[in-house]
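The following account leads the reader through a single protein model, taking surface charge, burial and backbone geometry in turn. Please keep the sequence and the coordinates at hand while reading.

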Amino acid sequence: MNSGFFSFFETGIFHCPVLNAKETENNYPIIEEDILKVMEDEFLQEPERILFVPFLRKRNTEIYVDLYFFDAIIEGTIVRIVYKPGYCLEEEMERKLISYLHDKPLKILSKQFREFIKRVKNAFPQCDFHDYEDHLTYKKNTKIIGRFMEYLYFSSHPSIKEKLYKAGLHTLAYNLEDLYVDNLLATSLEEMFQMPMKLLRILNRERMYQRIGSYEDSKRVKEVYRHFANRIEETITAAQWDYIEQLYVREGSAKSFSKRLFRYYEKNALNHYTYDEYREFEKNQKRIADYYPVRRPMPESVWLTVRNQKEIISCLKFEEKLNAGIEKHQNDYDFFWEDSKWIVTHPKNIREVTKEAAAQKNCLIYYLFRIAMGDTHILFVRHSDNPGKSFITMEITPQGKIVQAYKACNRKLDGENMRFIEKYAEIKGFEFNPTELYGDVGVDNTGVSEYFRDYLKRHDRIEPIKEQGIQMELADYLY
């Protein structure tokens with residue numbers, strides 16, 4: 001759709017009067033010679049750039065806009081364009097104006113342009129400058145100038161774009177030449193685009209309007225909206241739209257829609273590779289949900305979850321042999337312990353190990369073969385009043401040394417946890433050195449200082465310990 005097409009509609013459909021070149025020359029004199037000379041001198045300082053200087057002028061009681069483009073490369077002279085409220089330009093002149101306002105970087109005289117804006121706002125109080133006024137007073141934001149000037153022109157007389165501008169759809173109006181429109185003769189915007197106003201407002205943004213550049217694009221947007229209209233708001237981001245569009249294109253429905261992911265994409269871009277990984281996650285989860293009951297992960301960790309799923313699927317090929325090995329080695333030591341507060345157990349099969357890995361969000365699934373071969377032992381430490389809920393995962397070597405102990409997400413142990421592990425090791429005859437465990441795992445602040453002070457006093461030992469990568473003497477740490 002070219003700019004001449006708008007001129008045809010303005011004159012033929014909207015019956016808008018035309019301000020022709022002859023009338024402009026006869027009735028609207030060029031700017032004063034001294035002002036013109038100043039503009040020419042400014043232009044000659046950077047002749048490779050287009051200098052744009054607009055004026056709001058008066059002829060008797062009639063207000064008109066007088067525009068000057070200094071364009072040595074394309075035109076070789078000064079291009080002057082004049083228009084006034086209620087009139088449109090001739091087709092050739094309108095095409096030239098739109099070309100300047102769309103395709104060419106414009107240089108302005110900042111002080112003069114600020115004065116022009118001030119006068120325009122006073123002369124046309126009915127115009128909505130909200131989308132422009134925060135940018136127009138800064139020389140660095142000259143890209144917005146073209147948009148503002150086009151808005152000023154098309155909103156000044158009856159036109160297709162005037163309808164869009166008056167509805168607040170400035171981005172759609174400015175880019176209308178690049179959009180697919182179902183019915184230009186329609187009386188309402190909804191009929192024109194065959195879309196509800198809510199969808200038009202969603203598309204009225206920089207990263208959204210391109211989605212209706214062709215008939216096929218427009219058709220897809222309408223279908224996506226139809227499937228997800230009750231789940232989205234006008235504030236939907238481009239990444240959120242990409243997400244629901246991918247769901248529609250690949251699945252044809254909203255069945256897999258995730259509120260959690262949708263919220264994530266409010267502030268993050270959609271990676272199409274990530275979407276493929278989600279598809280793989282869903283496929284794998286149908287196979288191993290009983291072994292690895294996890295929620296749909298966030299995009300930054302979906303690759304790791306898929307990798308864990310693949311590891312489990314691979315291990316399940318040997319499930320019978322692995323279960324036999326795990327059962328055999330659970331009796332290497334008397335691991336079981338239970339009192340009024342704690343319970344310690346050994347997994348009996350693959351499923352218990354993978355479920356612990358899912359609950360704790362750790363790498364335990366990669367220990368399956370080592371557990372089955374007796375190369376290491378994994379114990380579950382839980383509260384006696386809630387034995388079904390994971391709490392601490394602990395590793396013991398075949399020689400009976402406790403080497404690891406983590407809470408969920410590899411969180412550090414606190415002083416109370418360390419006291420129990422020491423007590424458990426003493427009762428069961430396992431080797432336990434909390435200073436080594438501290439170095440390997442680290443601990444939370446809760447009760448740690450008191451525990452280490454007590455432990456080292458009882459063992460008459462003073463050893464260096466590490467905290468946040470810094471070696472320090474225990475006395476320095478405690479006091």
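Arg231, Lys259, Arg263, Arg295 and Lys361 together form a positive patch on the surface of this model, which is a predicted one. Within this group, Arg231 occupies the loop that connects helix H11 (215-228) with helix H12 (238-251). Its relative accessible area is 35%, so Arg231 is classed as partly exposed.

A patch of negative charge is also found on the surface, where Glu32, Glu33, Asp34 and Glu40 gather. Glu32 belongs to the loop between helix H2 (21-27) and helix H3 (33-45). Because the relative accessibility of Glu32 is 43%, this residue counts as partly exposed.

From the charged surface, the description turns to buried positions. Ile98 is a residue of helix H4, which comprises residues 91-103. Ile98 counts as buried because its relative accessibility is 7%, and the cut-off for that class is under 20%. Ile98 also provides a link to another part of the chain: its C-alpha atom is separated by 8.6 Å from that of Gly146, although the two residues lie 48 residues apart in sequence.

Helix H21, formed by residues 448-458, contains several buried residues, namely Val448, Tyr451, Phe452, Tyr455 and Leu456. These residues lie on the same side of H21, because the arc that they cover around the axis is only 115°. After H21 comes Asp460, which has a positive phi near 50°.

Positive phi values are found at further residues in loops. What is the phi of Gln194, a residue other than glycine? The value is positive, near 55°. Gln194 is placed in the loop between helix H9 (189-193) and helix H10 (197-203). With a relative accessible area of 47%, Gln194 is therefore assigned to the partly exposed class.

Cys409 likewise is not a glycine, yet its phi is positive, at about 60°. The loop that holds Cys409 runs between strand E11 (402-406) and helix H19 (415-428). Cys409 is partly exposed, because its relative accessible area amounts to 46%, and this class extends from the buried limit of 20% to the exposed limit of 50%.

Notes
Residues are numbered from 1 along each chain as its sequence is written. This is a predicted model: local features need pLDDT of at least 70, side-chain atom pairs count only at pLDDT 80 or more; totals for chains, interfaces and linings use all residues. Side-chain values use heavy atoms; hydrogens and water are left out. Patches are made of residues with over 30% relative accessible area and no salt bridge: like charges are joined within 9 Å, nonpolar side chains (Val, Leu, Ile, Met, Phe, Trp, Tyr) within 5 Å. Accessible areas come from the Shrake-Rupley method with a 1.4 Å probe; for residues, only the protein chains shown count as cover. A salt bridge is a side-chain nitrogen of Lys or Arg within 4 Å of a carboxyl oxygen of Asp or Glu. Lys and Arg count as positive and Asp and Glu as negative; His and the chain ends are not counted. The place of a charge is taken as NZ of Lys, CZ of Arg, CG of Asp or CD of Glu. Helices (H or I, at least four residues) and strands (E, at least two) are DSSP runs, numbered from the N terminus. Buried means under 20% relative accessible area, exposed over 50%, partly exposed in between (1.4 Å probe, protein chains only). The arc is that of the directions from the helix axis to the C-beta atoms.
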